[in-house]
Amino acid sequence: MKRFVLDASVALAWFLDHPVSAYAIEIRQLLVDGAGAVVPALWHLEMANGLVVAERRKIIEADDLSLSLIRLEQLVIQTIETRSDFWSMRQALNTARGFLLSAYDSVYLETARATGIPLATLDKSLRAAAARAGVEVLR
């Protein structure tokens with residue numbers, strides 16, 4: 001089974017982008033076809049924050065948010081493995097500084113490095129950092 005680290009940018013695109021990018025659709029299809037996603041524990045908070053901010057900005061309605069949350073919870077049960085690795089402030093800071101990333105994005109990069117599996121992201125800075133770090137980015 002193919003496994004990859006799933007950045008919140010891709011998963012949020014499934015629910016908030018109109019139209020959804022071809023890349024995000026392809027990643028979702030990998031999951032439907034039996035691939036497994038790996039996420040840092042931070043992913044759950046990023047997803048919740050992305051959805052609540054979208055609701056406040058009127059990008060998504062409350063009913064759609066509830067449906068999105070149900071779909072996400074089903075994905076978590078079926079195809080998403082949550083890693084509980086501890087990333088120290090120092091490690092996140094050093095990776096963020098070294099690759100010009102947010103501390104949050106540095107955790108995705110470090111998760112991909114630690115597991116040795118590819119990264120799925122829509123974030124251009126994270127894609128560039130992954131290339132510099134020798135981490136495969138799903139294309």
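On helix α3, Leu45 and Arg56 are exposed, on the other side from the buried residues. This is a predicted model, and helix α3 makes a good place to begin a tour of it.

**Helix α3 and its two sides**

Which residues of α3 are buried? They are Trp43, Met47, Gly50, Leu51 and Ala54. Seen down the axis of α3, these buried residues fall within an arc of 90°, so they line one face of the helix. The elements they pack against are β1 (3-6), α1, β2 (36-40), α4 (62-79), β3 (80-83) and α6 (103-115).

The length of α3 can be checked too. The helix covers residues 42-56, and at 1.5 Å a residue its 15 residues should span 21 Å. The end C-alpha atoms of α3 are 21 Å apart, which agrees with that expectation.

**The nonpolar core**

Trp43 of α3 appears again in the largest nonpolar core, which holds 42 residues. Together with Phe4, Leu6, Trp14 and Ile27, Trp43 is among the members that touch the most others in this core. Helix α1 (residues 8-16) supplies the largest share of the core, with eight residues.

What does tryptophan 14 touch, leaving aside residues up to four places away in sequence? Its contacts are Leu6, Val20, Ala24, Ile27, Arg28, Leu31 and Leu75. Two of these partners, Leu6 and Ile27, are also named among the core members that touch the most others.

**Backbone features in the loops**

Now for some details of the backbone. The peptide bond from histidine 18 to proline 19 is cis, with omega near 5°. Proline 19 sits in the loop between α1 and α2 (22-32).

Lysine 58 comes just after α3, in the loop between α3 and α4. Although lysine 58 is not a glycine, its phi is positive, at about 65°. Leucine 100, in the loop between α5 (89-99) and α6, is another residue other than glycine with a positive phi, near 55°.

Are these two residues buried or exposed? A residue counts as exposed when its relative accessible area is over 50%. Lysine 58 has 67%, so it is exposed. Leucine 100 has 71%, and therefore leucine 100 is exposed as well. The table puts the values side by side.

| Residue | Phi | Relative accessible area |
|---|---|---|
| Lysine 58 | about 65° | 67% |
| Leucine 100 | near 55° | 71% |

Notes:
Residues numbered from 1 in each chain as written. Predicted model: local features only at pLDDT ≥ 70, side-chain atom pairs only at ≥ 80, totals over all residues. Heavy atoms only, no water. Core = buried A, V, L, I, M, F, W, Y, C linked by side-chain atoms within 4.5 Å. Buried < 20%, exposed > 50% of the residue type's maximum accessible area, 1.4 Å probe, protein only. Helix = DSSP H or I, 4+ residues; strand = E, 2+ residues; numbered from the N terminus. Contact = heavy atoms within 4.5 Å. Expected span 1.5 Å × (residues − 1). Arc of directions from axis to C-beta.
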